[in-house]
Amino acid sequence: MEQMKPDVDVYRRRLLAVGAGGAAAGLAGWSPASFAQAAGAKPLPPFAAFKDASRLIVHSSKTLETRRDAFGTSGITDTDILFARNNLETPDASVTANPDVWEIEIDGVTNPRKLNVGDLKRMGLATVSTVLQCSGNGRGFFAHKTSGSQWKVGAAGNTLWSGVPMKALVEELGGVRGGMRYMTSTGGETIPPGLDPKSVMVERSVPWTAMEEAILAWELNGRPIPLAHGGPLRMIIPGYYGVNNVKYVKRVAFTVEETNAHIQSAGYRVRPIGEKGAPTQPSMWEMNLKSFITHPAGDSAPVRAGLVQVHGVAFSGGSPVNAVEVSIDGGKNWHAARFIGPNLGRYAWRDFVLPVRLAPGSYVITSRAIADDGEVQPELRVENHRGYGHNGWRDHAVKVAVS
Amino acid sequence: MRIVLAAGIALLLAPPLAARGDELGRKVFTQIAQPACAICHTLKAAGAVGTVGPSLDELRPDRARVMDAVKNGVGVMPPFAGKLTAEQIEAVVAFVAGAAGGQ
């Protein structure tokens with residue numbers, strides 16, 4: 001019966017037939033990571049030691065979030081403040097010593113081959129700007145007790161990647177074999193012995209047509225990709241959630257079926273609260289329409305009354321952002337904001353600004369993005385078990401005291 | 001002082017049972033569960049240094065959270081209900097919650 005459906009459903013907010021299932025009772029004792037953290041900021045984990053701790057929130061030894069007030073307005077998110085989230089133990093630093101010798105296997109094409117990064121560099125070159133965002137960005141706003149990092153806004157950044165377009169690479173290898181429906185990328189992390197590799201490995205399938213815009217990247221924001229962000233080689237699929245952008249990629253295969261690795265079959269699936277993940281549920285692929293305010297950030301000192309430049313970022317993995325509106329009264333009234341800086345392409349985010357004169361008092365400031373196809377960023381989150389895909393403007397609002 | 005004393009007495013009276021539970025919990029954590037918890041998790045009290053899942057010393061989960069994770073699984077962690085006996089689950093939950101500090 002599944003055959004009736006077109007190849008694959010791309011996850012979009014409206015596809016979610018997700019009801020308000022009962023919260024899992026067993027999680028009653030859960031406490032947000034942010035509480036545990038309040039006692040004192042954790043140090044940067046070794047794999048991210050080069051980052052700027054003062055502009056990051058360290059959730060755990062594998063998860064770092066950019067502070068809302070740290071993004072700036074230059075369009076690109078500096079690598080030293082870019083969020084990081086690793087699923088497995090980071091490979092040894094030696095793999096980035098000489099990126100050109102890193103090997104990758106390409107399969108599901110007419111002439112399957114093993115190539116190294118040095119070879120890839122001769123086959124094509126492109127640079128893309130895309131928002132890199134964790135599927136669970138905004139999880140910290142959900143009311144039910146979700147496990148996983150309690151990200152607020154900062155598991156996202158706008159990044160520049162350079163590498164070989166998959167299209168050019170595939171052409172060089174004789175084209176994709178007939179009947180293939182997915183592009184499946186496998187990470188090069190070492191799986192500890194004693195575990196079924198499929199249970200923990202990072203292997204993600206996306207609709208094979210994503211190949212049109214995907215690149216195998218070796219450069220991030222002007223430098224070789226650091227280990228923390230997947231160097232020496234990372235699959236970059238513009239407009240798709242972070243997990244699909246497989247780090248330390250060692251194999252890309254065009255396949256008939258989605259991988260049966262747990263991270264694909266049960267992980268990153270949108271389902272009602274309390275339900276287990278399954279391959280029939282929507283997968284976290286294309287990112288939805290979203291924006292949030294980055295200044296005032298809301299959690300710092302009161303803002304001085306007078307003229308204030310309210311600014312933020314807006315992005316979409318689907319129909320591109322066309323306009324942004326800002327409200328300073330919690331969504332009662334909306335005002336058209338103005339884009340600032342260059343347009344770096346449909347998958348990049350755009351900074352926007354609205355100058356407002358604020359008298360002393362308290363304000364609830366938020367933004368909503370509007371796409372080319374007329375879609376408007378929704379007010380509310382869609383409840384779902386793992387806290388994925390949050391783009392509701394109400395939860396993303398900042399409370400600002402002006403004096 | 002009185003609380004400390006009371007706790008001391010309780011400890012004196014309890015050891016055989018508590019120690020047995022702890023012993024079993026540790027064994028489930030490091031050997032009996034398949035895959036063993038220790039392969040993926042760091043927990044000082046068990047001498048475990050796994051890095052696939054979160055460090056339990058860092059996460060400090062309470063009893064209810066550990067129980068839910070062990071029974072139902074979470075993220076890539078598989079459910080252990082049906083794979084471990086009720087006694088083994090009780091033991092490993094008490095051991096982890098006790099050792100990791102979330103009680």
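## Interface of chains A and B

Contact here means heavy atoms within 4.5 Å. By that rule, 21 residues of chain A touch 15 residues of chain B in this predicted model. Together the two chains bury about 1,500 Å², counted as the accessible area (1.4 Å probe) that two parts lose on being put together, summed over both. Carbon and sulfur atoms carry 53% of that area. The chain A side that touches chain B has seven nonpolar, ten polar and four charged residues; Gly counts as polar in this scheme.

Five residue pairs across the interface are in polar contact, both at pLDDT 80 or more. That term requires a pair of N or O atoms within 3.5 Å, one able to donate a hydrogen and the other to accept it. Salt bridges (a side-chain nitrogen of Lys or Arg within 4 Å of a carboxyl oxygen of Asp or Glu) number zero between the chains.

## Confidence in chain B

Chain B averages a pLDDT (the predictor's confidence in each residue, from 0 to 100) of 82, and 78% of the residues score at least 70. Residues 1–16 of chain B fall below 50. Beyond near neighbours in sequence, that stretch has one contact in the model. Where pLDDT is low, the predicted coordinates should not be read in detail.

## A sheet in chain A

Four strands of chain A (DSSP E runs of at least two residues) form an open antiparallel sheet, ordered β17-β16-β20-β21. Its edges are β17 (335–336) and β21 (398–402), each paired on one side only. Pairing needs at least two DSSP bridges.

Strand β16 (residues 321–327) of chain A has two bridges to β17(A). V326(A) stands opposite H335(A) in β17(A).

## Conventions

Residues are numbered from 1 along each chain as its sequence is written, and chains are lettered from A in the order in which they are written. Local features need pLDDT of at least 70 and side-chain atom pairs 80 or more, while totals for chains, interfaces and linings use all residues; side-chain values use heavy atoms, leaving out hydrogens and water.

How values were computed
Polar contact = N/O pair within 3.5 Å; in protein donor to acceptor, adjacent residues only side chain to side chain.
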